Amino acid sequence: VWHEGQEKWIEVPALEDLYVINCGDMVQRWSGGVYRSARHRVINKADGERMSCATFWHGDVHARNPLKPDDPNNETIGQLLAKRFGNQYSFTKEFLAEVEAR
């Protein structure tokens, strides 16, 4: 995991029966920064195999912050995805219109 204050990578050892879960940008935003979106990488330094499985759950594109319904930002998951990945992916005009309409 990248440690911003020290500007270096910190090792997260692989321990038996333990999961390491990295939160994404929406969880950071919704939690008000309590849970941070981690800059991370996976390097296997063990002699054996190590499993790393990236899984992304974006949920309902119209969902808004369930932790703070009166959030003045009021951004939906779809709006965040369009803003965050719009330069990397080709979203359909219909998708962009749908996420901006609400």
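1. Arg50 counts as partly exposed, since its relative accessibility is 37%. That value falls between the two cut-offs, because buried means under 20% and exposed means over 50%. The residue sits in the loop between α1 and α2. Setting aside residues up to four places away in sequence, Arg50 touches Val12, Ala14, Ile43 and Asn44. One of these partners is distant along the chain: Arg50 and Ala14 are 36 residues apart in sequence, yet their C-alpha atoms are 8.0 Å apart in space. Please keep in mind, here and below, that this is a predicted model.

2. The overall layout can be stated briefly. The protein has three helices and two strands. Read from the N terminus, the order of the elements is β-β-α-α-α. The radius of gyration is 17 Å, well over the 13 Å that the globule rule gives for 102 residues, so the protein is more spread out than a compact globule. The C-alpha trace spans about 50 × 30 × 30 Å along its principal axes.

3. Some totals for the chain follow. Of the 102 residues, 16% count as buried. The exposed surface of the protein is about 8,700 Å², and carbon and sulfur atoms supply 52% of that area. Among contacts with a separation of 6 or more, 39% are made by residues 24 or more positions apart. As for charge, there are 13 positive and 15 negative side chains. The centres of these two sets lie 6 Å apart.

4. Which residues make up the largest nonpolar core? There are five of them: Met26, Trp30, Ile77, Leu80 and Leu81. Two elements give two or more residues to this core, namely α1 (25-30) and α2 (77-85). The greatest share comes from α2, with three residues. As background, nonpolar side chains tend to be buried together in soluble globular proteins.

5. Two members of that core deserve a closer look. Ile77 belongs to helix α2 and counts as buried, because its relative accessibility is 10% and the cut-off for buried is under 20%. Its C-alpha atom is separated by 17 Å from that of Gly33, a residue 44 positions away along the chain. For Leu80, leaving aside neighbours within four places in sequence, the contacts are Asp25, Met26, Arg29 and Glu75. Met26 is thus a contact of Leu80 as well as a member of the core.

6. Is Thr76 buried or exposed? Thr76 is buried, at 1% relative accessibility, although its place is in the loop between α1 and α2 rather than in a helix or strand. Not counting residues up to four places away in sequence, Thr76 touches Met26, Val61, His62, Ala63, Arg64 and Val99. Met26 in this list is also one of the core residues.

7. Asn65 gives a second buried case in the loop between α1 and α2. Its relative accessible area is 6%, so Asn65 counts as buried. What does Asn65 contact, once neighbours within four places in sequence are left aside? The partners are Arg29, Trp30 and Asp71. Trp30 lies 35 residues from Asn65 in sequence, with the two C-alpha atoms 5.6 Å apart. Trp30 also belongs to the largest nonpolar core.

8. Two residues should be checked for their backbone angles. Glu7 has a positive phi of about 50 degrees although it is not a glycine. This residue lies in the loop between β1 (2-3) and β2 (8-9), and at 62% relative accessibility Glu7 counts as exposed. Asp17, likewise not a glycine, has a positive phi near 60 degrees. Asp17 is in the loop between β2 and α1. With a relative accessibility of 74%, Asp17 counts as exposed, the cut-off being over 50%.

9. To recap for a reader at the screen: start from the five-residue core, to which α2 gives the most. Then look at Thr76, which touches Met26, and at Asn65, which is in contact with Trp30. Next, find Arg50 and its contact with Ala14. Finish with the loop residues Glu7 and Asp17.

Key
Residues are numbered from 1 along each chain as its sequence is written. This is a predicted model: local features need pLDDT of at least 70, side-chain atom pairs count only at pLDDT 80 or more; totals for chains, interfaces and linings use all residues. Side-chain values use heavy atoms; hydrogens and water are left out. Helices (H or I, at least four residues) and strands (E, at least two) are DSSP runs, numbered from the N terminus. The radius of gyration is taken over C-alpha atoms; the globule rule is 2.2 Å times the number of residues to the power 0.38. Buried means under 20% relative accessible area, exposed over 50%, partly exposed in between (1.4 Å probe, protein chains only). Contact means heavy atoms within 4.5 Å. Accessible areas come from the Shrake-Rupley method with a 1.4 Å probe; for residues, only the protein chains shown count as cover. Lys and Arg count as positive and Asp and Glu as negative; His and the chain ends are not counted. The place of a charge is taken as NZ of Lys, CZ of Arg, CG of Asp or CD of Glu. A nonpolar core is a set of buried Ala, Val, Leu, Ile, Met, Phe, Trp, Tyr and Cys residues joined through side-chain atoms within 4.5 Å.
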